[in-house]
Amino acid sequence: MRARNGHNSRTSEPTFVSMDYRDLWRLLLLLSATALLGAALGHAMAALCGVLLLYVLWLHRQLRALLLWLRDSKAHEPPEPPGMFEEIAVEIDYLRERHKKRKKKLASYLKQFQQATRALPDATVVLDKDGAVMWANGAASRHLGIRWPEDLNQRITNLVRMPRLQEFVREHPASTIEIPSPTEQNRFLSVLLAPYGKDQWLFVARDVTQLHRINQMRSDFVANVSHELRTPTTVIRGFLESLLYQKHLAPPAWGPALEQMNSHAERMQSLIEELLLLSRLEQEDHVTNPQPVLVSELLSDVIKQARALSGAREHLFSLEAEPTLRINGNNNELFSAFSNLVFNAVNYTPPKGIIQISWYRDEQGAHLEVRDNGVGIDEEHIGRLTERFYRVDQARTRTEGGTGLGLAIVKHVLLRHGAQLDIKSKPGEGSVFRCDFPVSSIVTDLPGPAAELRLDHRG
Ligand code: ADP
């Protein structure tokens with residue numbers, strides 16, 4: 001293409017100082033000459049009008065030529081004659097080429113991205129805000145049965161029919177879930193949803209079959225060992241209790257030894273029971289047949305047992321609970337979790353300490369809070385408290401009769417209910433353990449007692 005008026009080539013940036021005023025000078029010269037000639041002939045106005053009309057026709061012709069040139073995407077030579085229209089054409093041509101180059105670059109980035117995600121072993125699906133498929137890689141067909149491009153605009157929940165997945169896609173939780181592969185038997189996938197672009201979601205499913213198998217083996221091993229130990233421990237405890245109740249059967253010197261053996265056997269028994277419970281809870285990460293649970297009633301029972309545990313330590317209990325607030329879940333599991341929290345409060349709060357329990361709801365969901373003014377926990381331990389056998393103070397826990405499994409059980413029960421445990425504590429001041437249940441677990445349609453349950457229990 002011609003390089004005029006500061007344009008070195010078609011693709012280089014034009015220099016905008018090169019405005020061409022020759023057209024304007026030419027027009028002014030023509031109008032002046034016409035005015036002079038017209039005045040000499042006595043028809044200055046008519047001459048000027050005639051010339052201006054011709055000029056307008058010429059402009060129209062130039063604009064038309066420019067339009068035709070623009071429509072022809074292959075034409076790079078600007079329309080003749082040189083001048084202002086040629087400059088406009090050069091500018092447009094420059095922008096057009098720049099746009100083409102950008103488009104090419106973007107297309108190549110997109111191709112690279114798609115090649116990379118296609119090579120990923122994880123199923124990757126881009127979803128729009130309604131959960132409809134916008135793009136999927138090859139692994140999505142292997143792991144989830146989603147075919148690209150055939151399944152474009154289909155909702156993922158229609159393609160992979162699993163109630164848990166529906167809930168997951170609807171609620172966009174931050175955590176991952178594990179689901180069985182819909183295409184291959186005995187394969188398990190860990191699924192996560194990440195926000196992506198504008199109102200889009202990246203749905204990634206990773207094959208975790210191996211990890212699942214290892215976890216299953218570990219869990220089976222613990223369950224089997226615990227099961228095998230259960231019967232002998234029960235038998236030993238039975239004999240020890242008989243000997244303790246019928247003291248005349250054993251020599252008097254054996255008394256203290258029998259007491260100690262019995263208390264160790266008792267500890268071992270509760271350890272085995274808790275390990276078995278944990279194994280059962282681990283089998284699945286959700287409650288299989290959830291029922292509406294009236295938590296205020298359940299908490300009253302927990303407090304009764306906590307008062308018995310407190311005994312002579314005379315803790316002061318208070319319960320503030322929304323009486324109609326029910327959640328969908330498993331009554332026994334929730335009882336186990338809540339009683340663990342309240343019993344811990346009893347065990348780690350000095351005599352006559354205050355233990356406040358509240359059950360309420362807000363926009364985030366339903367919450368159970370157990371607050372005590374006991375020994376408290378150092379910040380460094382808080383993140384690890386729900387690990388099995390993790391204890392802040394080994395010696396103290398043993399004297400309190402703890403197994404170190406209580407909070408692990410709480411964590412698993414909450415996980416199965418889609419809830420989370422939040423712990424706040426300060427050494428010497430006390431602790432707050434809060435269970436946060438999602439809005440979706442609240443039962444809304446059941447009637448209940450009208451007044452708020454407010455009880456003060458003195459141990
Ligand atoms: P344990 O059976 O030993 O009580 P848990 O798993 O229930 O086991 O608790 C783990 C540890 O967390 C306990 O050993 C204790 O140190 C600490 N802990 C739990 N609850 C409280 C609490 N309310 N106040 C202070 N420390 C607590």
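Of the 459 residues of the protein chain, 37% count as buried. The chain you have in front of you is a predicted model, and its secondary structure comes to 13 helices and 14 strands. If you look at contacts between residues at least 6 apart in sequence, 60% of them join residues at least 24 apart.

Before going into details, let's see how far the coordinates can be trusted. The mean pLDDT of the protein chain is 86, and 89% of its residues reach 70 or more. Two stretches call for care. Over residues 1-11 the pLDDT stays under 50, although the model has 30 contacts there beyond four places in sequence. Residues 455-459 also stay under 50, with 17 such contacts. Where pLDDT is low, the predicted coordinates should not be read in detail.

Now to a sheet that is easy to trace by eye. Three strands form an open sheet in the order β6-β8-β13, and the pairing is antiparallel. Strands β6 (291-294) and β13 (442-443) stand at the edges with a single partner strand each, so one side of each is left without a neighbour in the sheet. Helix α9 (residues 295-310) packs on this sheet and touches β6 and β8. The direction of helix α9 makes about 55° with that of β6.

How do the strands line up residue by residue? Strand β6 pairs with strand β8 (residues 326-329) in the antiparallel sense over 4 bridges. Within that pairing, proline 292 stands opposite asparagine 328 in β8, and valine 293 has isoleucine 327 in β8 as its bridge partner. On to the next pair: β8 and β13 run antiparallel and are joined by 2 bridges. Here isoleucine 327 appears again, standing opposite isoleucine 442 in β13. Isoleucine 327 is thus a handy residue to select, with valine 293 as a bridge partner and isoleucine 442 opposite it in β13.

Let's turn to the aromatic rings. Taking rings as paired when their centres lie within 6.5 Å, the count comes to 4 aromatic pairs. In one of them, the rings of tyrosine 55 and tryptophan 58 have centres 5.9 Å apart and planes at 25°; planes under 30 degrees apart count as stacked, so this pair is stacked. Both residues lie in helix α2 (residues 44-71), 3 residues apart, about one turn of the helix. What is their exposure? Tyrosine 55 is partly exposed, with a relative accessible area of 23%, and tryptophan 58 is partly exposed too, at 30%.

Another pair has a different geometry: the rings of phenylalanine 338 and phenylalanine 437 have centres 6.2 Å apart and planes at 90°, so the pair is edge-to-face. This pair links distant parts of the chain, with phenylalanine 338 in helix α10 (residues 331-347) and phenylalanine 437 in strand β12 (residues 430-438), 99 residues apart. Are these two phenylalanines buried or exposed? Both phenylalanine 338 and phenylalanine 437 are buried. The grouping also takes in a tryptophan, as ring pairs link Phe338, Trp359 and Phe437 into a cluster.

One last ring is worth a look, this time for its charged neighbour. Arginine 96 lies over the face of tryptophan 69, at 5.1 Å from the ring centre.

How values were computed:
Residues numbered from 1 in each chain as written. Predicted model: local features only at pLDDT ≥ 70, side-chain atom pairs only at ≥ 80, totals over all residues. Heavy atoms only, no water. Phe/Tyr/Trp six-rings, centres within 6.5 Å; stacked < 30°, edge-to-face > 60°. Buried < 20%, exposed > 50% of the residue type's maximum accessible area, 1.4 Å probe, protein only. Lys NZ or Arg CZ within 6 Å of the ring centre and 35° of its normal. Pairing = 2+ DSSP bridges. Contact = heavy atoms within 4.5 Å. Axes fitted to C-alpha atoms, helices over the stretch in contact; angles between N-to-C directions. pLDDT = per-residue confidence, 0-100.
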